[in-house]
Amino acid sequence: MHTSALLNVESTILDFWLLLKPKIIYLVVFTAVAGMVAAPGNIHPFLALISIICIALGSGSAGAINMWYDRDIDLLMKRTQDRPIPSGRVSAESALEFGIILGVLSVFIMAIAVNYISAALLAIGILFYVFIYTIWLKRRTPQNIVVGGVSGAFPPMIGWAAVTNSVSWESFILFLIIFMWTPPHFWALSLNKSEEYVKVSIPMFNIVYGSEKTRKRILIYSILLVLTSLLPSLFLKKVLLYLTIAILEGCVFIWYAISIIRFKSHSSQRKMFSYSISYLFSLFASIIFCSVDWF
């Protein structure tokens, strides 16, 4: 009996963890750390840790509320049917309360422990994801991913603001990289999940304008992304090293974008989606590496 009860508790904890969309949290935290490291000045290690925790909680808050709102369509889509709410492992009310509490706590702690600007950016990012993307755009316009990508681009700006207590053109460049990255990343996925999006009436770009136009748009955004990725060389310390990495990785990104136009296959689109994730991690890792003198 005791073992059974313990397993139920662990399952519940895992389910609430899954509500936070942990795969997204990893990326959010990593890009936020890049913003903190690239920012001029210093931050106490304890405050840096508090900032990272708040950013993670804020991201998780938005993810939980998103799952609460999208529980109806998640139930119908194969890739989301096993999420905690549609599977019945967590109630919708509990998920909403959990998300709101985490969001309020993350912004409040950021404000009192770090600074008001980073807290304000965190709040804007959460609210934008919930109200602008999830509730307003996602089910209404094929530009949902383009405009909605704003929310996912905030973390490096928040990390930068945690250190400097300001927003600058440098942090906006980091924002812009993620903003340009989001459409080709998600459109590569949506091309392979067209039937599911049609089933739940989500007007993804490829559903409204067709796969061919979407593939061409992916290439356009990929080129813009690679050009944008060169801009951090304006403020990083190891300029030549960064440019070399960014250009090489960017050429591979564009090659994948071209390949989905040439081959028009699920395989090429899946590879594009997978590479886009490792690309962003690698690019922001190079931003971290090229921001410091102690390597």
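A residue is called buried when its relative accessible area is under 20%, and exposed when that value is over 50%, with partly exposed in between. With that scale in hand, the predicted model described here can be explored through its aromatic rings, its surface and its cysteines.

A good place to start is with the aromatic side chains. The structure holds 17 aromatic pairs. One of them joins F154 and F175, whose rings meet edge-to-face, with 5.6 Å from centre to centre and 70 degrees between the planes. F154 belongs to the loop between α7 (144-152) and α8 (155-164), while F175 is part of helix α9 (residues 169-192), so this pair ties together parts that lie 21 residues apart in sequence. F154 is buried, at a relative accessible area of 10%, and F175 is buried as well, with a value of 10%.

A second pair, made by Y275 and Y279, is tilted: the ring centres are 6.1 Å apart and the planes form an angle of 45 degrees. Both residues sit in helix α14 (residues 266-289), and because they are four residues apart there, about one helical turn separates them. Y275 has a relative accessibility of 15%, which is under 20%, so Y275 counts as buried. Y279 is buried too, with a relative accessible area of 1%. This pair also has company, as Y275 and Y279 join F253, W255 and Y256 in one aromatic cluster.

Aromatic rings can have charged partners too, and here K238 and F289 provide an example. The charged end of K238 sits over the ring of F289, at 4.3 Å from the ring centre.

What does the surface show? A nonpolar patch is formed there by I101, L105, F108, I109 and I112, which together have about 480 Å² of accessible area. I112, one of its members, lies in helix α5 (residues 92-113). With a relative accessible area of 60%, I112 is exposed.

The cysteines complete this short tour. A disulfide is a covalent bond between the sulfur atoms of two cysteines. How many disulfides does the structure hold? The count is zero. C251, for instance, is in no disulfide, and the nearest cysteine sulfur, which belongs to C290, is 17 Å away. A disulfide would need the two sulfur atoms to be within 2.5 Å. C251 is partly exposed, with a relative accessible area of 48%, whereas C54 is buried, with a value of 2%.

Note on methods:
Residues numbered from 1 in each chain as written. Predicted model: local features only at pLDDT ≥ 70, side-chain atom pairs only at ≥ 80, totals over all residues. Heavy atoms only, no water. Phe/Tyr/Trp six-rings, centres within 6.5 Å; stacked < 30°, edge-to-face > 60°. Helix = DSSP H or I, 4+ residues; strand = E, 2+ residues; numbered from the N terminus. Buried < 20%, exposed > 50% of the residue type's maximum accessible area, 1.4 Å probe, protein only. Lys NZ or Arg CZ within 6 Å of the ring centre and 35° of its normal. Patch = residues over 30% accessible without salt bridge, like charges linked within 9 Å, V, L, I, M, F, W, Y side chains within 5 Å. Areas by Shrake-Rupley, 256 points an atom, 1.4 Å probe, with all protein chains shown as cover. Salt bridge = Lys/Arg side-chain N within 4 Å of Asp/Glu carboxyl O.
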